[in-house]
Amino acid sequence: MKLNLNIPLSSLSNKELKILQYIHDNENRISTMSIQTFAKEINYSTSTVLRFCRRLGFSGFPELKFFLRRQEEESSKNVTNYSVQSIKKSIITDLEGTTSLMNTEDLFQIAKLLSSNTPVYIHSPAGLTDISVDYLESMLFISGCQNIYKSPAAKMTHHYIQTLDKGNIFIFISSSGKFESTLNLAKEAKLHGMIVISISSIENNDLAEISNYNIRFFSKKTENEGADSTSRFCTFFVLSVFIEFFNEYKKGINHEIIS
């Protein structure tokens with residue numbers, strides 16, 4: 001509680017200090033109390049409560065309640081604004097960092113591969129990453145890629161790796177680059193001569209190291225009681241940037257063919 005009143009605590013009686021302590025400990029409840037309920041809670045008379053309110057400069061108990069309610073609203077507003085501003089600042093910082101990581105040569109090579117009509121298999125590991133996978137699959141289809149296959153289970157991806165010819169393209173998306181199941185499948189694909197493309201965070205991660213091509217983004221991994229709550233904002237950002245680059249690349253190819 002922040003009572004902006006220039007009254008030294010030393011000038012308050014023991015009874016008044018006890019009332020003040022009760023207000024401090026229960027300010028969020030007091031706004032709904034009547035003066036009779038408040039007096040009963042602190043074991044003093046309503047006249048004592050009224051004298052206390054006037055001692056602090058209020059006209060009565062209703063004005064004290066109004067003051068406490070306004071303080072609570074201001075405090076809540078400040079916390080909300082701080083949280084929103086922090087989130088915005090974090091997103092902008094991550095986007096700026098991600099933009100600096102975008103390597104035109106890597107984007108060019110990946111665009112070239114996807115334009116070759118070589119079959120592309122996108123591993124879908126379940127969880128939040130599946131949303132990114134669905135988005136990438138849809139955007140590639142819209143961009144004219146026909147040989148796009150989403151692999152919705154580790155067993156299916158493993159089967160593809162074991163049975164397909166060398167040179168097929170496998171895409172793996174991971175916010176950490178260290179998810180064991182995804183990492184093992186990427187290693188297996190690389191071992192069997194597949195072209196591995198990964199989309200993962202800037203952190204030093206094994207997935208990026210073993211990939212033929214990697215698009216990186218900034219993302220701070222977070223958890224909430226064991227659940228992954230890492231933002232996928234930058235993941236969608238790099239996917240969107242790549243799709244735009246890919247479409248421009250295809251326009252260039254078409255223009256050369258027409259010319």
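**Note on the parallel sheet and its helices**

1. Seven of the seven residues of β4 are buried, so this strand is largely enclosed by the rest of the structure. Note that the model is a predicted one. On one flank, β4 runs parallel to β3, and six bridges join the two. Within that pairing, Ser174 has Ser200 of β4 as its bridge partner. To get from β3 to β4 the chain passes through α8, in a right-handed β-α-β crossover.

2. β4 (residues 195-201) also pairs with β5, again in the parallel sense, over five bridges. Two positions help to find the register by eye. Ser198 stands opposite Asn214 in β5. Ile199 faces Ile215 of β5.

3. Now the whole sheet. What is the order of its five strands? The order is β2-β1-β3-β4-β5, the sheet is open, and the pairing is parallel. β2 (148-151) and β5 (213-217) are the edge strands, each paired on one side only. From one strand to the next, the twist averages 20 degrees.

4. β1 deserves a look residue by residue. Val120 and Ile122 point one way, Tyr121 and His123 point the other way, and all are buried. β1 and β2 run parallel and are joined by four bridges. His123 has Ser151 of β2 as its bridge partner. The connection from β1 to β2 goes through helix α6 (residues 129-142), and this β-α-β crossover is right-handed.

5. β1 also pairs with β3, in the parallel sense, over three bridges. Tyr121 is the residue to display here: it stands opposite Phe170 in β3.

6. Two helices should be viewed against the sheet. Helix α5 (residues 104-114) lies across β1 (120-123), β3 (169-174), β4 and β5. The helix runs at about 125 degrees to β5. α7 packs on the sheet too, touching β1, β2 and β3. The direction of α7 makes about 150 degrees with that of β3.

7. How do α7 and α8 sit relative to each other, parallel or antiparallel? Helix α7 (residues 154-163) and helix α8 (residues 180-191) pack at an angle of about 10 degrees, and their axes are 10 Å apart. Angles under 35 degrees count as roughly parallel. α7 and α8 are therefore roughly parallel to each other. From α7, the contact uses Ala154, Thr157, His158, Ile161 and Gln162. From α8, the contributors are Ser181, Leu185, Glu188 and Ala189. By type, the contact residues are four nonpolar, four polar and one charged.

8. Two threonines in helices make a useful contrast. Is Thr48, in helix α3 (residues 46-55), buried or exposed? Its relative accessible area is 10%. Buried means under 20%, so Thr48 is buried. Setting aside neighbours within four places in sequence, Thr48 is in contact with Lys15 and Ile19.

9. The other threonine is Thr104, in helix α5. Its relative accessibility is 52%. The cut-off for exposed is over 50%, so Thr104 counts as exposed. Thr104 and Phe245 are 141 residues apart along the chain, and 9.0 Å separates their C-alpha atoms.

How values were computed. Residues numbered from 1 in each chain as written. Predicted model: local features only at pLDDT ≥ 70, side-chain atom pairs only at ≥ 80, totals over all residues. Heavy atoms only, no water. Axes fitted to C-alpha atoms, helices over the stretch in contact; angles between N-to-C directions. Parallel < 35°, antiparallel > 145°, perpendicular 65-115°, else oblique. Contact = heavy atoms within 4.5 Å. Nonpolar A, V, L, I, M, F, W, Y, C, P; charged D, E, K, R; others polar. Pairing = 2+ DSSP bridges. Buried < 20%, exposed > 50% of the residue type's maximum accessible area, 1.4 Å probe, protein only. Right-handed = clockwise from strand over helix to strand, strands pointing away.
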